[in-house]
Amino acid sequence: MKRRSADIITSLEAKGIDAVMITSAVNRRYYSGFTGSNGVVVLSRKGRVLFTDFRYTIQAKEQCAPYGCEVREVARAIGRSDVEALLREFGAKRVAFEDEAMTVAEFEAYRDMPFELVPASAEINGGRLVKNAYEISEMQRAQAIADAAFSDLLKVVKVGMTEKQVRNELDYYLRRHGADENSFDTIVGSGPNGALCHAYPGERKLSSGDLVVVDFGARVNGYCSDMTRTFAMGEPCEELRRIYDIVLRAQLHCLDVLKPNMRAADLDKAARDIITEAGYGENFGHSLGHGFGLEIHERPYASTRSEDILVPGSTITVEPGIYIEGLGGVRIEDCCVLTEDGYINLCTTPKQLIIL
Ligand code: ZN
Ligand code: ZN
């Protein structure tokens, strides 16, 4: 765990930066282990410190110990003076900060400290790109929980249930199987609502002939899983059947071509070409996939214009979809981790169309 902060200190030192100030919850957690809502982490060759308030001191000491991070209790509104005094103690001159995560108010509070502030979100987030064995095993555990929960869900889903009821059952099974929480709010889109990529579950009742898109994830020790399956309530109409087959073909083709060190944009293209050739290019309006980890969406991104490379240890979802207004939608998503010589697909739930 200490390696995380050692690596970022070293890589920023190479750019003439002597200290890093971390203010976002996700990177606070990644670099210090602290999961509370209030804190600032300062890392430098001279020391590693988390500022937090009385409510979190006991928890923070436990969480930060494996990260070699010292905890200093300060007033609830962590002041610029606390951070400034420490940076002076460290003799810092150039200080990296999270330009993409700070509010304007936070930035205003820090901007006239007597140090040069260097925007460094890319480098600070970049530390999280390559996952280690512990992180991969946590995400594997999260996805195993999601697979088990989905299998339980299929045993209870019936025509007449509302989307909200489907969501409630699934969320309950996720917790029962050991999820700490959801990776994100569960998406359930039935019938025409399936055409809304991020359908918020509503009062619509599942009816015969519907396709139902369910996109969900479990979170374990902060790490996310992400899977989508689309199933049918009774026999779907011909067009829904057809788009299911196209999406499945595109998804399986991506899994065939996925390999370490490929361009993420090429993975997107692999699916897009199939869907476009089948005449539904306009109905696949989102990108193919995204990395996941402590956040549900993080680098790399598999989109048409992405410049990201799928390096070993990075994660990527493979989630093509086709959405037709007024009729419905299909999305099929697996979440994968790149390895030195291939990849691991964390999802084990089958993908042939399930007709309930
Ligand atoms: Zn998803
Ligand atoms: Zn996703």
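Good morning, everyone. Let me open with a proline: Pro300 sits in strand E14, which covers residues 298-302. The peptide bond leading into Pro300 from Arg299 is cis, with omega near 0 degrees. Before I go on, please keep in mind that this is a predicted model.

While we are on the backbone, two asparagines deserve a look. Asn221 is not a glycine, yet its phi is positive, at about 45 degrees. You will find Asn221 in the loop between E10 and E11, and its relative accessibility of 35% makes it partly exposed. Asn261 also has a positive phi, in this case near 70 degrees, and again the residue is other than glycine. Its place is the loop between helix H9 (238-257) and helix H10 (264-277). With a relative accessible area of 48%, Asn261 is partly exposed.

The loop of Asn221 brings us to a sheet. Which strands make it up, and in what order? It is an open sheet of 3 strands, ordered E7-E10-E11, and the pairing is antiparallel. E7 (181-182) and E11 are the edge strands; each has a single partner, so one side of each has no neighbour in the sheet. Between E7 and strand E10 (residues 218-220) there are 2 bridges, in the antiparallel sense. If you want to find that pairing on the screen, look for Glu181, whose bridge partner in E10 is Arg219.

Now to the metals. I'll take the zinc ion (ligand 1) to begin with. Its donors are Asp215, which contributes two OD entries, together with Asp226 (OD) and Glu333 (OE), at 2.0 to 2.6 Å. The 4 donor atoms make angles of 55 to 152 degrees, and the site is irregular. Along the sequence, the donor residues follow the spacing D-x10-D-x106-E. Asp215 belongs to strand E9 (residues 211-216), while Glu333 is in the loop between strand E17 (328-331) and strand E18 (334-338), so this pair ties together parts that lie 118 residues apart in sequence. Asp215 and Glu333 are both buried.

What about the zinc ion (ligand 2): which residues coordinate it? Here we have Asp226 (OD), His290 (NE2), Glu319 (OE) and Glu333 (OE), at 2.1 to 2.2 Å. Why is this arrangement irregular? The 4 donor atoms subtend angles of 78 to 150 degrees, and that makes it irregular; a tetrahedral site would need all angles between 85 and 135 degrees. The spacing of the donors along the chain is D-x63-H-x28-E-x13-E.

How far apart are the two zinc ions, ligand 2 and ligand 1? They are 3.1 Å apart, and Asp226 coordinates both. Asp226 and His290 link distant parts of the chain: Asp226 is in the loop between strand E11 (223-224) and strand E12 (227-232), whereas His290 is in strand E13 (residues 289-291), 64 residues away. Both Asp226 and His290 are buried.

Let's turn to packing. The largest nonpolar core has 56 residues, and those touching the most other members are Leu43, Leu50, Phe150, Leu174, Val214, Phe216 and Phe231. Helix H7 (residues 133-156) gives the most to this core, namely 9 residues. Let me pick out Val214. Leaving aside neighbours within four places in sequence, Val214 is in contact with Phe150 and Phe231, and its other contacts include Leu170, Ile187, Val188 and Met227. Apart from this core there is another, of 33 residues, with Ala250, Met262, Leu267 and Ile316 among them.

Last topic, the cysteines. How many disulfides are there? The count is 0. For Cys197, the nearest cysteine sulfur is that of Cys254, 16 Å away, and Cys197 is in no disulfide. Cys197 is partly exposed, with 28% relative accessibility. And why does Cys237 have no bond to the closest cysteine sulfur? That sulfur belongs to Cys197 and is 18 Å away, too far for a bond. Cys237 too counts as partly exposed, at 36% relative accessibility.

If you take one picture back to your desks, let it be the two zinc ions, 3.1 Å apart, with Asp226 coordinating both. Thank you for listening!

Technical notes. Residues are numbered from 1 along each chain as its sequence is written. Chains are lettered from A and ligands numbered from 1 in the order in which they are written. This is a predicted model: local features need pLDDT of at least 70, side-chain atom pairs count only at pLDDT 80 or more; totals for chains, interfaces and linings use all residues. Side-chain values use heavy atoms; hydrogens and water are left out. Donors are N, O and S atoms within 2.8 Å of the metal (3.2 Å for Na, K and Ca); water is not among the atoms, so sites may look incomplete. Four donors count as tetrahedral if all angles lie between 85 and 135 degrees; four count as square planar and six as octahedral if opposite donors are over 155 degrees apart and all others between 65 and 115; anything else is irregular. Helices (H or I, at least four residues) and strands (E, at least two) are DSSP runs, numbered from the N terminus. Buried means under 20% relative accessible area, exposed over 50%, partly exposed in between (1.4 Å probe, protein chains only). A disulfide is a pair of cysteine sulfur atoms within 2.5 Å. Two strands pair if DSSP finds at least two bridges between them. A nonpolar core is a set of buried Ala, Val, Leu, Ile, Met, Phe, Trp, Tyr and Cys residues joined through side-chain atoms within 4.5 Å. Contact means heavy atoms within 4.5 Å.
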